Amino acid sequence: TKVPTVPVLLFLYFFIFSYMYPCIHNYFYTYTYYLCALTGNWKNDLASTMQIGKVSDSGVFSGVYLTAVSASSSRIRPSPLQGVQHQVDRRAQPTFGFTVNWNFSESITVFAGQCFLDGDGEEQLKTTWLLREEVESSNKDWGATR
């Protein structure tokens with residue numbers, strides 16, 4: 001068998017590392033630049049705001065929620081939130097859930113949702129929520145959840 005000459009080996013070396021390596025590297029590693037991140041400040045369509053701190057390696061996070069709407073007659077105040085983000089394989093568009101313990105009423109709201117990246121790379125949170133308020137007895141249980 002014939003052994004490739006030095007010029008052929010040099011050509012292959014430069015071809016692989018100047019052309020193929022960036023393609024392979026980008027294919028496997030650039031996805032990390034496009035992960036949807038919960039950390040930061042968020043504002044919804046009704047002008048409620050949420051600040052989420054650093055998400056831990058296990059997906060746990062905390063923050064503050066300030067609602068712009070309320071059925072309570074009390075003055076609205078910022079309220080603490082605690083949550084978890086799904087961390088399996090560091091998905092690009094993770095699911096998450098969090099609970100807000102309202103500081104101005106006897107109620108708690110749980111949110112479940114997913115972080116999406118739109119066509120322009122902008123992050124969007126899509127959530128569903130369930131609010132439970134305290135009632136005097138189990139007879140009034142039916143109307144305590146919205």
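**An aromatic cluster in a predicted model**

Seven side chains, Phe-61, Tyr-65, Phe-96, Phe-98, Trp-102, Phe-104 and Phe-111, join in one aromatic cluster. The model is predicted, and 6 aromatic pairs are found in the structure. A pair of aromatic rings is described by the distance of the centres and the angle of the planes.

One of these pairs consists of Phe-61 and Phe-98, whose ring centres lie 6.4 Å apart; because their planes meet at 65°, the pair is edge-to-face, the cut-off for that class being over 60 degrees. This contact links distant parts of the chain, since Phe-61 belongs to strand E3 (residues 60–66) and Phe-98 to strand E5 (residues 95–101), 37 residues apart. Phe-61 has a relative accessibility of 2% and therefore counts as buried. Phe-98, at 4% relative accessibility, likewise counts as buried, the limit being under 20%.

Tyr-65 and Trp-102 form an aromatic pair that is also edge-to-face, with 5.5 Å from centre to centre and 85° between the planes. Tyr-65 lies in strand E3, whereas Trp-102 lies in the loop between E5 and strand E6 (107–117), so the pair ties together parts that are 37 residues apart in sequence. Both Tyr-65 and Trp-102 are buried.

The confidence of the prediction remains to be considered. The average pLDDT of the protein is 82, and 74% of the residues score at least 70. Over residues 29–33, however, the pLDDT is below 50, and this stretch has 1 contact in the model beyond near neighbours in sequence. Where pLDDT is low, the predicted coordinates should not be read in detail.

Note on methods
Residues are numbered from 1 along each chain as its sequence is written. This is a predicted model: local features need pLDDT of at least 70, side-chain atom pairs count only at pLDDT 80 or more; totals for chains, interfaces and linings use all residues. Side-chain values use heavy atoms; hydrogens and water are left out. Rings of Phe, Tyr and Trp (its six-membered ring) pair if their centres lie within 6.5 Å; planes under 30 degrees apart count as stacked, over 60 as edge-to-face and the rest as tilted. Helices (H or I, at least four residues) and strands (E, at least two) are DSSP runs, numbered from the N terminus. Buried means under 20% relative accessible area, exposed over 50%, partly exposed in between (1.4 Å probe, protein chains only). pLDDT is the predictor's confidence in each residue, from 0 to 100. Contact means heavy atoms within 4.5 Å.
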